[in-house]
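Here's a walk through one protein model, from the overall fold down to a few side chains. Have the structure open and follow along.

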Amino acid sequence: MIASQLMSTRDPYPFEKYDNDDKFRGRPSATMSKLYKEATHLDQQKDPWNRLNMTPTLQSIRRRVNHHDPLAPNDALDFELKTSYDQHADLFAPHNHSVVQRETLNLPHGRVLKNREVTAKLGYDPMYPAVRVSERERRLDPNNVKGAIVGVHTEITNPGYSRKTDGGIFTA
């Protein structure tokens with residue numbers, strides 16, 4: 001006999017099979033609202049999607065054809081010269097210690113590795129800023145008339161003032 005004839009055709013799980021979402025949850029009603037207000041391709045043209053997509057990362061800038069990093073080593077000799085290895089202090093260090101770069105050890109190296117803003121430390125507490133005292137380079141002579149405001153100051157100008165009591169101007 002053939003094996004297919006020996007097997008039973010009876011379904012051991014006679015209950016209804018949920019093979020898609022319509023059978024599992026029932027038919028979607030016509031009053032059911034959409035999940036999203038606009039289509040995906042329209043939403044991708046707005047912030048924050050557009051801002052995140054159009055802002056390049058350091059890695060994507062470095063992958064461009066016209067990117068040039070002057071601090072990058074040109075060959076194996078440059079790579080080993082830029083290491084943190086000091087032959088006087090680390091004379092018998094193992095070989096793998098002699099090729100560790102300064103960037104790996106977080107030592108100052110002059111390159112920007114991540115998109116992080118470096119916050120400069122202020123020399124004073126911003127809550128209590130230092131008072132600045134400005135001093136002139138040379139002392140001004142009070143008897144010098146250069147730069148003084150030019151005006152008519154005679155006896156008829158109401159002792160030193162150039163306006164009349166009614167707000168008019170004195171004429172000489």
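What follows covers the fold, then the salt bridges, then the main pocket.

Keep in mind that this is a predicted model.

**The overall picture**

Let's start with secondary structure. The protein has 6 helices and 0 strands, so if you trace the chain you simply read α-α-α-α-α-α, with a strand being a DSSP run of at least two E residues. How much of the protein is buried? Buried residues come to just 3% of the 172 residues. As for surface, about 17700 Å² is exposed, and carbon and sulfur atoms supply 55% of that. On contacts, take those with a separation of 6 or more: residues 24 or more positions apart account for 17% of them.

**Salt bridges**

How many salt bridges does a search of the whole structure find? It turns up 3. Here they are side by side:

| Pair | N to O distance |
|---|---|
| E38 and K46 | 2.6 Å |
| D69 and R111 | 2.3 Å |
| R111 and E103 | 3.7 Å |

Take the E38 and K46 pair, where the two side chains meet. E38 is partly exposed, at a relative accessible area of 32%. K46 is partly exposed as well, with a value of 39%.

Now for the D69 and R111 bridge, with its closest N and O atoms 2.3 Å apart. D69 sits in the loop between α5 (58-62) and α6 (76-81), while R111 belongs to the segment after α6, so this pair ties together parts that are 42 residues apart in sequence. Is R111 buried, exposed or partly exposed? Its relative accessible area is 24%, and because buried means under 20%, R111 counts as partly exposed.

R111 also has a second partner, since its side chain meets that of E103 in a salt bridge. Through shared partners, D69, E103 and R111 are joined into one network.

**The largest pocket**

R111 comes up again here. Which residues line the largest pocket? They are N106, R111, V112, L113, K114, R116 and V118. The pocket's volume is about 190 Å³. By type, the lining divides into 3 nonpolar, 1 polar and 3 charged residues. So R111 is worth a second look on screen, because this partly exposed residue bridges to D69 and to E103, and also helps line the largest pocket.

Conventions: Residues numbered from 1 in each chain as written. Predicted model: local features only at pLDDT ≥ 70, side-chain atom pairs only at ≥ 80, totals over all residues. Heavy atoms only, no water. Helix = DSSP H or I, 4+ residues; strand = E, 2+ residues; numbered from the N terminus. Buried < 20%, exposed > 50% of the residue type's maximum accessible area, 1.4 Å probe, protein only. Contact = heavy atoms within 4.5 Å. Areas by Shrake-Rupley, 256 points an atom, 1.4 Å probe, with all protein chains shown as cover. Salt bridge = Lys/Arg side-chain N within 4 Å of Asp/Glu carboxyl O. 1 Å grid on protein atoms, 1.4 Å probe; cavity = no way out; pocket = protein on both sides within 12 Å on 5 of 7 lines; lining within 4 Å. Points joined across faces, edges and corners; volume = space filled by probe spheres on them. Nonpolar A, V, L, I, M, F, W, Y, C, P; charged D, E, K, R; others polar.
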